[in-house]
Amino acid sequence: MSLINERQDFSTIADTFLLHGSMQSPAFLDGRLCASLALHDLDAEGWLETVCVNLGVEQPRDEPSAERLLGWRRQTLEALSAAEMNYEPLLPDELFSLAERAQGLQEWTLGFLEVVRDAGDEPRKQWSEALREAIDDLGGLADIETDLEDNAENENDLFALTEHARMAAMLLYTEQHPGKPQVEQVDEPGPTH
């Protein structure tokens, strides 16, 4: 099976970054990827170029690395456009401390908001009030306290904040791509005869 079809997780992508001499977290670029797919329909070539620029390399060092990076884009796009609405930001998992996970969410948010802000006000004019509020609320996530103690309350708070980021990302994608994913519209009454 090709690596491009394997499930990519935070650690796999972080390891790929390390192979390219970069210690940066994939979370920031994942935020950028998500917003770029929603606002610009970022293609595979554009994505590889973006990653390489961020890693400070001209191209992926080998075919498996390129396949992992392309697989990351593919799985993100599939999750954003799936009817199950199962998109998950690429963030550190339970193997990481709560502080590292909060840092990952903060970096994801900064990357996501950077692309949204670079798009300017034009796309925003078409957004629903719910999406505008969700994006505005993400601004607060960029300033969250990341030096968190590992406890149940902080864990629950971080889960709620991550869920907010996830929903904002899916809302942005669905509003920019009407009909994808195919979700039921319950607020529009059918025609009456």
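1. Helices here are DSSP runs of H or I with at least four residues, strands are E runs of at least two, and both are numbered from the N terminus. By that count, Trp47 sits in helix α3. Residue numbers start from 1 along each chain as its sequence is written. Bear in mind that the model is predicted: local features need pLDDT of at least 70, side-chain atom pairs count only at pLDDT 80 or more, and totals for chains, interfaces and linings use all residues, while side-chain values use heavy atoms, with hydrogens and water left out.

2. Staying with Trp47: its relative accessible area is 1%, so this residue is buried (under 20% is buried, over 50% exposed, in between partly exposed; 1.4 Å probe, protein chains only). Beyond its neighbours within four places in sequence, Trp47 is in contact (heavy atoms within 4.5 Å) with Leu29, Leu33, Leu42, Leu69, Trp72 and Arg73.

3. Two of those partners, Leu69 and Trp72, are on the list of buried residues of α4, as is Arg73. The buried residues of α4 pack against α1, α2 (26–40), α3 (44–55) and α7. Helix α4 (residues 63–81) has 19 residues, which at 1.5 Å a residue should span 27 Å, and its end C-alpha atoms are indeed 27 Å apart (the expected span is 1.5 Å times one less than the number of residues).

4. Trp72 turns up again in the largest nonpolar core (buried Ala, Val, Leu, Ile, Met, Phe, Trp, Tyr and Cys joined through side-chain atoms within 4.5 Å). This core has 46 residues, and Trp72, Trp108 and Phe112 touch the most other members. Helices α1 to α7 each give two or more residues to this core, α6 being 129–141. Leaving out residues up to four places away in sequence, Phe112 touches Gly31, Arg32, Cys34, Ala35, Ile135, Leu138, Ala169 and Leu172.

5. Now the largest pocket (an open set of points on a 1 Å grid over the protein atoms alone, where a 1.4 Å probe fits, with protein on both sides within 12 Å along at least five of seven lines; lining residues have an atom within 4 Å of a point). Its space is about 480 Å³, the volume being that filled by probe spheres set on points joined across faces, edges and corners. Of its 18 lining residues, Glu88, Leu91, Pro92, Glu94 and Thr162 lie nearest the centre. Helix α7 (residues 152–176) gives the largest share of that lining, six residues.
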